[in-house]
Amino acid sequence: MEEDTSNGKIPLCSFLTDKTSKICVLGHRGLVGSAIVRKLQHLGFTNLLLRTHCELDLTRQNDVESFFAAEKPRFVILAAAKVGGIHANSNYPADFIAINLQIQTNVIDSSYRHGVQKLLFLGSSCIYPKLAPQPIPEDALLTSPLEPTNEWYAVAKIAGIKMCQAYRIQYGWDAISAMPTNLYGPNDNFHPENSHVLPALMRRFHEAKVKKAKEVVVWGTGSPLREFLHVDDLADAAIFLMESYSGLGQLNVGSGKEVSIKELAELVKDVVGFEGELVWDPSKPDGTPRKLMDCSNLAELGWSPKISLKDGLADTYKWYLENVKQ
Ligand SMILES: NC(=O)c1ccc[n+]([C@@H]2O[C@H](COP(=O)([O-])OP(=O)(O)OC[C@H]3O[C@@H](n4cnc5c(N)ncnc54)[C@H](OP(=O)(O)O)[C@@H]3O)[C@@H](O)[C@H]2O)c1
């Protein structure tokens with residue numbers, strides 16, 4: 001973890017004490033933003049400042065500037081971004097770099113200029129170098145080439161982390177960054193073509209169960225190891241960081257537990273209740289063999305995840321059944 005070298009250390013301000021503080025959560029209808037709002041409401045916060053994409057397009061500098069000038073929130077959590085898988089990144093590279101740079105530049109700069117006390121920016125584990133050491137420590141950032149399939153998104157996100165650091169150093173302003181691992185939970189994207197592995201498996205097993213199919217074929221051998229964190233744990237960590245962390249380096253936020261894609265698929269199959277066969281297609285690519293983050297810095301600060309993968313999957317499937325058009 002990088003040392004805070006800003007002139008004048010930025011003292012921690014309490015986030016949790018005043019439940020009437022105006023807290024702006026941007027991207028509050030997305031996977032992460034909605035979980036953060038649920039958590040804040042559960043904790044009793046009463047003055048949340050929320051805008052949908054239609055109400056405030058964060059790529060529009062003048063609108064963002066006017067919003068912050070008028071509303072003057074005390075805290076900002078930036079969970080709005082253009083996100084997507086390999087397919088979307090490869091087809092829309094200009095969108096991924098431009099929209100993310102615009103959103104974060106507008107929000108970070110306006111927050112600073114209009115007196116926001118503290119801001120949390122979200123990076124992602126996928127912006128570490130392609131061949132980063134495993135488990136990935138925070139200081140692996142920018143040490144070797146990126147994964148080419150998402151470099152547009154990664155370059156923008158890295159710029160966001162660096163912008164937070166630069167504002168800390170130049171202005172002594174409390175902007176911090178977190179690097180979540182693969183997230184899942186309510187409000188995830190279950191789109192048939194462009195969803196991540198976990199919601200994609202859930203949808204496929206569910207559809208196979210409904211159709212009483214005999215088997216579900218999954219790409220690869222199932223051997224790659226991955227890390228997953230329930231989004232309610234991420235929300236808990238985000239609030240923990242707002243209360244307890246004021247440093248220059250981005251902090252990894254993960255479950256610290258590896259699971260093979262095979263184990264994951266078996267767990268999802270059980271949770272969904274698909275009784276047919278799970279068949280692997282080893283002729284299809286497996287992807288990176290291992291991807292795990294080193295979360296020891298966050299653990300040392302005193303945070304650890306609480307939701308097991310099994311419980312988190314059950315909660316997610318319940319949400320899927322209640323909310324996704326069958
Ligand atoms: N999901 C993961 O596994 C994961 C892992 C690591 C890090 N993260 C980070 O967490 C953050 C949130 O991701 P997520 O998974 O919650 O994404 P998400 O579900 O797609 O939510 C993103 C939100 O941002 C809003 N948004 C996008 N463009 C906007 C714009 N121009 N103006 C205003 N709002 C805009 C979206 O609104 P519309 O839908 O209306 O456009 C949506 O509500 C991102 O920074 C991402 O990098 C996510």
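These legends go with a set of close-up views of one predicted model.

Residue numbers start from 1 along each chain as its sequence is written, and side-chain values rest on heavy atoms, with hydrogens and water left out. As the model is predicted, local features need pLDDT of at least 70 and side-chain atom pairs count only at pLDDT 80 or more, while totals for chains, interfaces and linings use all residues.

**View 1. The annotated domain, residues 23–254.**
An unreviewed UniProt entry gives this stretch the annotation "domain: NAD-dependent epimerase/dehydratase". UniProt positions follow the numbering used here, feature names are shortened, and annotations may be inferred rather than shown by experiment. Over residues 23–254 the chain is 43% helix and 17% strand, and the C-alpha atoms at the two ends sit 24 Å apart. Helices (H or I, at least four residues) and strands (E, at least two) are DSSP runs, numbered from the N terminus.

**View 2. Asp-236 and its partners on helix H7.**
Have a look at helix H7, residues 231–244, where Asp-236 has its place. Asp-236 is buried, at 17% relative accessible area (buried is under 20%, exposed over 50%, partly exposed in between, with a 1.4 Å probe and protein chains only). Leaving aside residues up to four places away in sequence, Asp-236 touches Lys-39, Trp-303 and Lys-306; a contact here means heavy atoms within 4.5 Å. Lys-39 is 197 residues away in sequence, yet the C-alpha atoms of Asp-236 and Lys-39 are 6.9 Å apart. Their side chains share a polar contact of 3.2 Å, and another polar contact, of 2.8 Å, joins the side chains of Asp-236 and Trp-303. A polar contact is a pair of N or O atoms within 3.5 Å; within protein, one must be able to donate a hydrogen and the other to accept it, and residues adjacent in sequence count only if both atoms are side-chain atoms.

**View 3. Asn-100 in helix H4.**
Asn-100 belongs to helix H4, residues 93–113, and is buried with a relative accessible area of 1%. Its side chain reaches the backbone nitrogen of Lys-82 at 2.8 Å and the backbone oxygen of Phe-96 at 2.9 Å. Beyond residues up to four places away in sequence, Asn-100 touches Ala-81, Lys-82, Asp-95, Tyr-153 and Ala-156.

**View 4. Backbone oddities in three loops.**
Most residues other than glycine have a negative phi, and most peptide bonds are trans. Here, the bond from Gln-134 to Pro-135 is cis, with omega near -15°, and Pro-135 sits in the loop between strand S4 (118–122) and helix H5 (151–171). Lys-72, with phi near 40°, lies in the loop between helix H2 (61–71) and strand S3 (75–78). Lys-212, in the loop between helix H6 (197–210) and strand S7 (215–219), has a positive phi of about 55° and is exposed at 72% relative accessible area.

**View 5. Ser-260 in strand S10.**
Strand S10 covers residues 258–260 and includes Ser-260, which is buried at 10% relative accessible area. Apart from residues up to four places away in sequence, Ser-260 touches Gly-222, Ser-223, Pro-224 and Leu-225.
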